[in-house]
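Before the dialogue starts, please open the sequence and the coordinates side by side. The turns below go through a few features and show how each can be read.

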Amino acid sequence: MSETNHVIVIGAGAAGMLAAIAAAGEGAEVELWEQNEKPGKKLFITGKGRCNVTNACDMEELLGSVVSNSKFLYSSFYGFTNQDMMDLLEQAGLRLKVERGNRVFPQSDKSSDVISALSALLRQAGVRVCLNQKAEGLAVEEGVCKGVRCGGRIQTADRVIVATGGLSYPATGSTGDGLKWAADSGHRLTELSPALVPFEVKETETVKELQGLSLKNIEAAVYDGKKELYREFGEMLFTHYGVSGPIIISASSYVGKKLKEQNLRLEIDLKPALDEDQLDHRVLRDFEENANKQFKNALGRLFPSKLIPVMIQLSGIDPEKKVNVISKEERRAFVHLIKHLPMTVTGLRGYNEAIITKGGIRTREVDPGTMESKQVKGLYFAGEVLDLDALTGGFNLQIAWSTAYAAGSSIK
């Protein structure tokens, strides 16, 4: 074993575990430090406990799903692909499955099995896993990382890989330590904010009535005045404070900065498969079939029952009014409401509910091929500490895997 190949990896999350495995595979003597009592605490809760390990799409879609700094990832994504990650886990005995949207999950639907597979790979690679081991900072002298500060002393190392995550889900140990250490060692950080996070809306009474209602096959668009910032088709969910669900949390990555300046308009198209004329014919047909019913009793085929009172209230049509006396103007206005259900987005939820952190260490200060700092020799970064983020669907974990592999495998 070469004396110049002692590596400390800080953080036993997704990026840290894979970086340690990759570094050990290159013959390094690797210590993996984790301040928690077990590895993979955040990984354990991802995908609602199922762990969406990656996305099985092609490389063009993979890169296209990255919101920030996708060009930086070109080298690492091709150096360790989504297929490489799937192969690695399956070789470790974890059986995988591909679901809708090319999302990849363990067949068992248990994130703990992903952590067990990675832990087995760590053991096979001879990585020394140090639990309840808190790093206090980096030991940097004259532009060279000499090791890690811990307990008032310096644990020397030839290379240090920082994989401490961002600020999201702080209960799992993501407290932003690595970001602070990077700044202390001369790196510049981009603005940090919660990402892949639900929206808060102004219409609190409305969403409380709809709380728990999940809508599928709808389209949501977010506007800044007349300018469309985001549009997507899929699923959403009403909560006690606003809206959530896949297409909403993806929107947060695109509109978060704008929300710091002003409120934004959210429009929900409840029937995106039909244009307004087609929908008007559909509504007219329903009305004709229920000609003698009151308006409030004629909407059962259009909406889930929980949504009906809200749509009636927003329409301004008297719920007791017979359908056959509703005017053409009232009906057309109602159709427009179905296609443009409005809400006012006032803000994002906090880091406690954010899947990831937007922002981090500037990518221009990191070598995209090796993840080594351009500012400090022997210091590497992997995963969420970097200014990289993507949409939901396994893409953010692939960023962690690919950047971690780049960092670990470059240590020869």
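**Reading a predicted model, feature by feature**

Leaving aside neighbours within four places in sequence, Thr363 is in contact with Asn69, Phe72, Asp387 and Leu388.

Q: Where is Thr363 found, and is Thr363 buried or exposed?

A: Bear in mind first that this is a predicted model. Thr363 lies in the loop that runs between strand E19 (356–358) and strand E20 (379–381). Its relative accessibility is 12%, and because buried means under 20% relative accessible area, Thr363 counts as buried. As for position along the chain, Gly173 is 190 residues apart from Thr363, and the C-alpha atoms of the two are separated by 24 Å.

Q: Before we turn to single elements, how many helices and strands are there in the protein, and what share of its residues count as buried?

A: The protein has 13 helices and 21 strands, and of its 412 residues 54% count as buried. Taken along the principal axes, the box filled by the C-alpha atoms is roughly 90 × 45 × 35 Å. If one takes the contacts between residues at least 6 apart in sequence, 72% of them join residues at least 24 apart.

Q: How should I read the packing of two helices, and at what angle do the axes of H1 and H13 cross?

A: Two packed helices are described by the angle between their axes together with the distance between those axes. In the present case, the axes of helix H1 (residues 14–25) and helix H13 (residues 395–409) come within 7 Å and cross at roughly 30 degrees. Angles under 35 degrees count as roughly parallel, and H1 and H13 are therefore roughly parallel to each other. Their crossing is right-handed. On the H1 side the contact is made by Ala14, Ala15, Leu18, Ala19, Ala22 and Ala23, while H13 contributes Leu397, Ala400, Trp401, Ala404, Tyr405, Gly408 and Ser409. Sorted by class, this contact of H1 with H13 comprises 11 nonpolar, two polar and no charged residues.

Q: What angle do H10 and H12 make, and which residues of H10 meet which residues of H12?

A: Helix H10 (residues 276–289) and helix H12 (residues 328–339) pack at an angle of about 120 degrees, and their axes are 10 Å apart. That angle makes H10 oblique to H12, and H10 passes H12 in a right-handed crossing. From H10, the residues Glu276, Asp277, Leu279, Asp280, Val283, Leu284 and Phe287 meet Arg331, Arg332, Val335, His336, Ile338 and Lys339 of H12. By class, the contact of H10 with H12 divides into six nonpolar, one polar and six charged residues.

Q: Which side chain makes a polar contact with the side chain of Asp280?

A: The partner is Arg332, whose side chain makes a polar contact with that of Asp280 at 3.0 Å. Asp280 is found in helix H10 and, at 7% relative accessibility, counts as buried. Not counting residues up to four places away in sequence, Asp280 touches Arg331, Arg332 and Val335.

Q: What can be said in a similar way of Asp269, and which side chain makes a polar contact with the side chain of Asp269?

A: Asp269 has its place in strand E17 (residues 264–269) and is buried, with a relative accessible area of 8%. The side chain of Asp269 makes a polar contact of 2.8 Å with the side chain of Lys339, a residue that is also listed in the meeting of H10 with H12. Neighbours within four places in sequence aside, Asp269 is in contact with Ile218, Glu219, Ile338 and Lys339.

Technical notes
Residues are numbered from 1 along each chain as its sequence is written. This is a predicted model: local features need pLDDT of at least 70, side-chain atom pairs count only at pLDDT 80 or more; totals for chains, interfaces and linings use all residues. Side-chain values use heavy atoms; hydrogens and water are left out. Axes are lines fitted to C-alpha atoms, for helices over the stretch in contact, and angles run from 0 to 180 degrees between N-to-C directions. Helices (H or I, at least four residues) and strands (E, at least two) are DSSP runs, numbered from the N terminus. Angles under 35 degrees count as roughly parallel, over 145 as roughly antiparallel, 65 to 115 as roughly perpendicular and the rest as oblique. A crossing is left-handed if the near helix is turned anticlockwise from the far one by less than a right angle, and right-handed if clockwise. Contact means heavy atoms within 4.5 Å. Ala, Val, Leu, Ile, Met, Phe, Trp, Tyr, Cys and Pro count as nonpolar, Asp, Glu, Lys and Arg as charged, and the others, Gly among them, as polar. Buried means under 20% relative accessible area, exposed over 50%, partly exposed in between (1.4 Å probe, protein chains only). A polar contact is a pair of N or O atoms within 3.5 Å; within protein, one must be able to donate a hydrogen and the other to accept it, and residues adjacent in sequence count only if both atoms are side-chain atoms.
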